[in-house]
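Here is a friendly walk through one protein model, best read with the structure open beside you. We will go from strand pairs to the core, then to helix packing and a few backbone details.

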Amino acid sequence: MKNKKLIIILGIILIISLIILIYFFSKNTNKNLNFGNNLSNKTNQEIEEYILNISSYEADIEVEIQSNKNTTRYKLKQSYVSPNIEKQIVEEPSNIEGLQTTYDGNKLTITNTKLNLSTVYENYPYITDNYLWLNSFIEDYKNSQDRKLYEEGNQLLMEVTLKADNPYISSKKLFINKDESKITKLVVQDKNQKNLVYILYNEIKINSLKKEEVLAFKLKEITAKQY
């Protein structure tokens, strides 16, 4: 009789424990769906807020820059950690492959990994007006009253119109594919809506980096010049 009661008590404890585990697992799963890189369960305003609060990212991008005379294409790897840690590595074109630019908040380091040469610029002012960076778009969008959030098909667009005194750049548009839950491209246009810079995000990981990971690169026998 005692054994039967003991089995019943243990069974009740086991059921309660399972209910608690299921509850916490379900809660954490829903939290990850709502606040992770998955954007499919969010409203447009929640996606906008999520983008504006990106604290770090790493991306493989293809860049097309259009000038009056020609078009230049690049393949780049970018890493960024808020507020101003950046690293960019050129993968293409081949003549500048391996060229690496790193900014640690104070020093700008430009490295030719093929030649093991590095140039360091001390006390370098942080340049926010760089159209190749997602964080530059985010700052422009945050600080502008002339911005729009709207849909085109399955794409959500965040668009910001820049200051009228800029003679070349008129607007920036960030495209987010809601079906695939990812940032797809960033377009910089002139006042005639001609593309000046077109950035395709082949891969992007958001909020997965730390400052130390961006700055932790080693090169053998680097010759550094101080400017």
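## Ser-79 and its partners on both sides

In β3, Lys-87 is the bridge partner of Ser-79. Ser-79 itself belongs to β2, where it stands opposite Glu-58. This is a predicted model, so please read every value here as computed from predicted coordinates.

The strand pairs behind these partners are worth tracing in your viewer. β2 pairs with β3 (residues 85–92) in the antiparallel sense, over 7 bridges, and 3 residues lie between the two strands in a hairpin. β1 and β2 are also antiparallel, pairing over 11 bridges, and a hairpin of 4 residues joins β1 to β2.

## Another hairpin: β5 and β6

Further along, strand β5 (residues 108–112) runs antiparallel to strand β6 (residues 117–121), and 5 bridges join them. To find the register, look for Ile-110, whose bridge partner in β6 is Thr-119. The two strands form a hairpin with 4 residues between them. In its turn, Asn-116 has a positive phi of about 55 degrees.

## The whole chain in brief

How many helices and strands does the protein have? There are 4 helices and 12 strands. Of its 227 residues, 33% count as buried. Among contacts with a separation of 6 or more, 42% are between residues 24 or more positions apart.

## The nonpolar core

In soluble globular proteins, nonpolar side chains tend to be buried together. Here the largest nonpolar core has 35 residues. Ile-51, Leu-134, Phe-137, Leu-174, Ile-183 and Tyr-201 have the most contacts inside it. Two or more core residues come from each of these elements: α2 (44–52), β1 (56–66), β2 (71–81), α3 (134–143), β8 (155–161), β9 (171–177), β10 (182–189) and β11 (195–206). The largest share, 6 residues, comes from β11.

Tyr-201 is a good residue to click on. Leaving out residues up to four places away in sequence, Tyr-201 touches Ala-59, Asp-60 and Ile-61, along with Leu-134. Its other contacts on that count are Lys-182, Ile-183, Thr-184, Lys-185 and Leu-186.

## How α2 meets α3

Two packed helices are described by the angle between their axes and the distance between the axes. For α2 and α3, the angle is about 120 degrees and the axes are 10 Å apart. That angle makes α2 oblique to α3.

Which residues make the contact? From α2 come Glu-48, Ile-51 and Leu-52, while α3 gives Ile-138, Tyr-141 and Lys-142. By type, these divide into 4 nonpolar, no polar and 2 charged residues. Ile-51 is also among the residues with the most contacts inside the largest core.

## Asn-154 in its loop

Asn-154 lies in the loop between β7 (147–152) and β8. Is Asn-154 buried, partly exposed or exposed? Its relative accessibility is 32%, so Asn-154 counts as partly exposed.

Asn-154 also reaches residues further along the chain. Apart from neighbours within four places in sequence, Asn-154 is in contact with Ile-176, Asn-177, Lys-178 and Asp-179. Phe-175 is 21 residues away from Asn-154 along the chain, and their C-alpha atoms are separated by 9.8 Å.

## Backbone details to check

Most residues other than glycine have a negative phi, and most peptide bonds are trans. Against that background, a few places deserve a look. A cis peptide bond joins Ser-82 and Pro-83, with omega about 5 degrees, and Pro-83 sits in the loop between β2 and β3. Glu-92 and Pro-93 are likewise joined by a cis peptide bond, with omega about 5 degrees; Pro-93 is in the loop between β3 and β4 (99–103).

Ser-181 has a positive phi, near 60 degrees, and is found in the loop between β9 and β10. With a relative accessible area of 15%, which is under the 20% cut-off, Ser-181 is buried. Asn-207 has a positive phi as well, near 55 degrees. Its place is in the loop between β11 and α4 (211–215), and at 37% relative accessibility Asn-207 counts as partly exposed.

Methods: Residues are numbered from 1 along each chain as its sequence is written. This is a predicted model: local features need pLDDT of at least 70, side-chain atom pairs count only at pLDDT 80 or more; totals for chains, interfaces and linings use all residues. Side-chain values use heavy atoms; hydrogens and water are left out. A nonpolar core is a set of buried Ala, Val, Leu, Ile, Met, Phe, Trp, Tyr and Cys residues joined through side-chain atoms within 4.5 Å. Buried means under 20% relative accessible area, exposed over 50%, partly exposed in between (1.4 Å probe, protein chains only). Contact means heavy atoms within 4.5 Å. Two strands pair if DSSP finds at least two bridges between them. Axes are lines fitted to C-alpha atoms, for helices over the stretch in contact, and angles run from 0 to 180 degrees between N-to-C directions. Angles under 35 degrees count as roughly parallel, over 145 as roughly antiparallel, 65 to 115 as roughly perpendicular and the rest as oblique. Ala, Val, Leu, Ile, Met, Phe, Trp, Tyr, Cys and Pro count as nonpolar, Asp, Glu, Lys and Arg as charged, and the others, Gly among them, as polar.
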